[in-house]
Amino acid sequence: MASSFPESTSSSIVIEARTGYVQVGWRELWASRELLYFLAWRDLKTRYAQTANGAGWALMQPLLSTLIFTLVFGYLAKMPSDGLPYPTFAFAAILPWSLFSKSLERSTLSVVTEGGLIKKVYFPRLIIPIAATFINLVDFAVGLLILIGMMAWYQQVPQWTVLFLPFFVGIALLTALSVSLWLSALNVKYRDVASVVPLMTQLWMFASPVLYPASLVPESLRWYYGLNPMAGVIEGFRWALLGKTAPDWTMMAVSLAMVALLLIGGVIFFRRVERTFADLI
Amino acid sequence: MSDTAVSVTGLSKRYRLGTTHAQDGSLAGALARGLRHLAGRQPAPPQTNDTLWALRDVSFEIKKGEVFGVIGTNGSGKSTLLKILSRVTEPTKGRAIINGRFCGLLEVGTGFHPELTGRDNVFMSGAILGMKRQEIAKKFDEIVAFAEVEQFIDTPVKHYSSVMYVRLGFSVLAHMDPDILIVDEVLAVGDVRFQKKCMGKMEDVGQHGRTVILVSHDMPAITRMCSRAILLNKGEVVQAGPAHDVVNHYLHAGHIQPAVEWPDPTQAPANDVVRLGAVRVRTEAGIVTDRFDIRKPIDLEVEFDVVKAGHIFVPVFNLYNEEDVLVFIAHDRDPAWQRTPRPTGRYTSTARIPGNLLAEGMVSVSSLMMTEDPFRLHVHAPRAIGFRVDDSGTGDSARGDFHGRWPGVVRPILEWRTRYIPE
């Protein structure tokens with residue numbers, strides 16, 4: 001028996017039980033890119049239609065966090081910030097962090113949320129967590145404008161390193177996607193996964209250099225620290241936007257390898273279990 | 001290329017039923033079980049073997065351009081078959097080959113979001129069904145015109161009436177231009193005029209060499225539109241052939257029999273107290289039939305033998321409609337046998353359902369014997385008999401002069417009064 005899902009040609013589809021490992025189905029995924037766009041567009045439109053101030057509220061959270069962190073860690077605890085003003089130091093990390101954590105939370109729920117569609121019509125299921133991840137770029141873009149405003153206030157001019165910003169944004173999204181591919185698929189069978197995620201992201205934040213610089217972590221432990229891909233992303237963000245200290249490149253390489261590993265594993269896992277989605281939701 | 005549009009061979013689908021643990025759906029529960037198992041404290045729970053074959057060894061072929069019907073009662077495997085063909089779920093065994101651009105839609109209005117306008121939803125639904133944006137834009141006016149919702153196209157669909165909603169949904173589907181179209185129960189669309197329009201559109205589709213798979217409870221629609229059909233029962237193909245024959249088979253044979261008799265006592269539903277002899281449905285005049293006029297009373301009858309004297313119990317009928325909804329439960333309230341121990345012998349109990357109570361459609365009847373207090377179920381003959389209630393539309397039923405779809409589980413004629421104050 002063939003060990004994979006038969007490739008469907010334009011004119012003929014073979015439907016049978018899939019066994020063994022499953023192809024990713026890049027071609028099909030690419031062919032459905034318009035659907036990806038429509039799903040993201042629908043979510044944005046409905047989100048902002050229901051809450052007129054949707055965009056406003058989306059900004060409140062990172063802004064308030066920055067304010068509190070600045071008061072508590074910047075002024076009271078005198079947390080070192082690699083010689084940068086604490087507000088921009090914190091906000092430059094909170095921005096990619098909330099992009100990551102919101103993407104992760106939304107994307108983990110996405111498959112169950114779209115259960116109605118999954119039970120009714122066929123399309124590449126991978127599109128669902130991908131769309132749920134990418135729409136958070138909109139909130140992120142608004143946040144970025146505010147950060148630029150803050151930098152102007154503190155008279156910080158970005159260096160050439162700012163060219164790397166899109167790269168780190170991409171890695172933040174891929175990290176969120178790679179983890180949520182696992183979690184969104186697991187959440188179909190085990191519905192309590194969704195309730196674990198907020199706790200997980202909270203703990204994860206303390207394991208990431210959001211409140212403190214990665215330079216506080218002892219040199220000898222950096223390698224392990226890099227196993228948390230968000231450590232690389234956040235350090236990269238600060239470097240790209242604020243310039244000062246270059247990130248630890250060993251740590252960065254470990255972070256990238258980790259994302260790649262999680263992502264490949266996630267895609268394989270998701271594709272393997274997606275065949276039971278319609279039966280379980 | 002061959003002239004086969006869909007070829008299905010040995011298609012089977014197994015579902016696992018029930019679970020050993022209440023916490024099965026939680027990660028915490030799964031982890032706890034895994035840990036206990038690892039620690040050797042508790043053997044792994046035995047796997048339950050409760051499986052249901054929702055579809056078993058189904059094979060058929062559909063030619064290009066054919067309108068093909070799939071019929072069967074609820075739970076017969078129709079929707080599982082559609083889910084497999086539209087690739088929503090995978091078969092356990094067997095295969096289906098589909099030649100041509102294909103569109104599976106298990107429900108009209110799939111992908112519609114209530115907050116979005118009609119216009120947005122047309123694009124959304126089209127994209128989910130696999131249409132390109134340009135393609136949708138090109139057909140947009142046609143889709144809206146067919147649905148007759150031009151005025152409301154920029155209104156969120158949550159403000160649509162259910163009829164408008166379904167119209168727009170069907171219209172998107174009908175303009176997909178697929179080679180093969182799967183449609184489930186679209187014809188249950190509000191008003192008769194639009195139903196006719198839909199059918200016209202679907203027949204067009206058929207004539208343009210496109211293939212349609214139609215699933216419906218509306219038997220006249222199946223007979224009129226489909227050339228061939230299959231009848232499913234408990235996941236298996238019971239009959240296949242010309243649509244007319246299959247529909248007749250469905251309506252008249254097996255599935256709805258107005259009487260069941262157990263001449264052989266060893267085969268009859270029984271316990272140590274009581275044994276069923278027969279269950280029947282009769283007209284007022286005593287004729288056993290499977291067709292009833294909605295205005296006329298219907299007599300349900302059960303024959304039973306009491307084999308052990310001295311027990312108090314009553315005959316019970318449970319009535320289900322074709323959607324499998326329990327319409328009502330009737331316990332025998334004949335005063336002569338209330339709280340009275342029954343001596344041995346043969347009994348026949350009859351319950352009269354008044355005219356103008358049941359709605360049109362199929363009704364199936366389960367026959368039971370039970371002691372009410374303390375509760376004990378003696379005998380249960382599920383879905384023993386069935387019959388059909390028809391409204392000939394002469395104007396003196398609850399329908400009056402209305403001829404459209406009329407949902408509802410019962411259809412009584414109520415006593416209406418009017419108070420009128422002239423100007």
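**The sheet shared by two chains**

I began with an open sheet of four strands, whose order I noted as β1(A)-β4(B)-β1(B)-β2(B), with antiparallel pairing; two strands count as paired if DSSP finds at least two bridges between them. The strands, and the helices I mention later, are DSSP runs numbered from the N terminus, with E over at least two residues for a strand and H or I over at least four residues for a helix. I wrote down β1 of chain A and β2 (51–63) of chain B as the edge strands, each of which pairs on one side only. The twist averages 15° from one strand to the next, where axes are lines fitted to C-alpha atoms, for helices over the stretch in contact, and angles run from 0 to 180 degrees between N-to-C directions.

Before going further I recorded that this is a predicted model, in which local features need pLDDT of at least 70 and side-chain atom pairs count only at pLDDT 80 or more, while totals for chains, interfaces and linings use all residues. Residues are numbered from 1 along each chain as its sequence is written, and chains are lettered from A and ligands numbered from 1 in the order in which they are written.

I then looked at how the two chains join in this sheet, and found that strand β1 (residues 12–16) of chain A runs antiparallel to β4(B) and is joined to that strand by five bridges. In β4(B), A:Val14 has B:Ile97 as its bridge partner, and A:Glu16 has B:Arg95. I also saw that α2(B) lies across β1 of chain A together with β1 (4–16), β2 and β4 of chain B, and that this helix runs at about 65° to β2(B).

**The side of chain B that touches chain A**

Which residues meet here? I noted that 30 residues of chain A are in contact with 41 residues of chain B, a contact being two residues whose C-beta atoms, placed from the backbone, lie within 7 Å. On the chain B side, at least two residues each come from α1 (27–38), α2 (78–85), β4 (93–99), β5 (102–105) and α3 (118–128). Of these, β4(B) gives the most, with seven residues. I entered the make-up of this side as 19 nonpolar, 12 polar and 10 charged residues, with Ala, Val, Leu, Ile, Met, Phe, Trp, Tyr, Cys and Pro counted as nonpolar, Asp, Glu, Lys and Arg as charged, and the others, Gly among them, as polar.

**Chain A as a whole**

I found one strand and 13 helices in chain A, and the order of elements from the N terminus puts the strand before the helices. Its radius of gyration is 20 Å, which agrees with the value near 19 Å for a compact globule of 281 residues, given that the radius is taken over C-alpha atoms and the globule rule is 2.2 Å times the number of residues to the power 0.38. The C-alpha trace of chain A spans about 65 × 45 × 35 Å along its principal axes.

**A second sheet, in chain B**

I looked up another open sheet of four strands, in the order β10-β11-β13-β16 (chain B), again with antiparallel pairing. Its edge strands are β10 (259–261) and β16 (345–353). Nine bridges join β11 (residues 274–283) to β13 (residues 298–306) of chain B, and B:Val274 stands opposite B:Val306 in β13(B).
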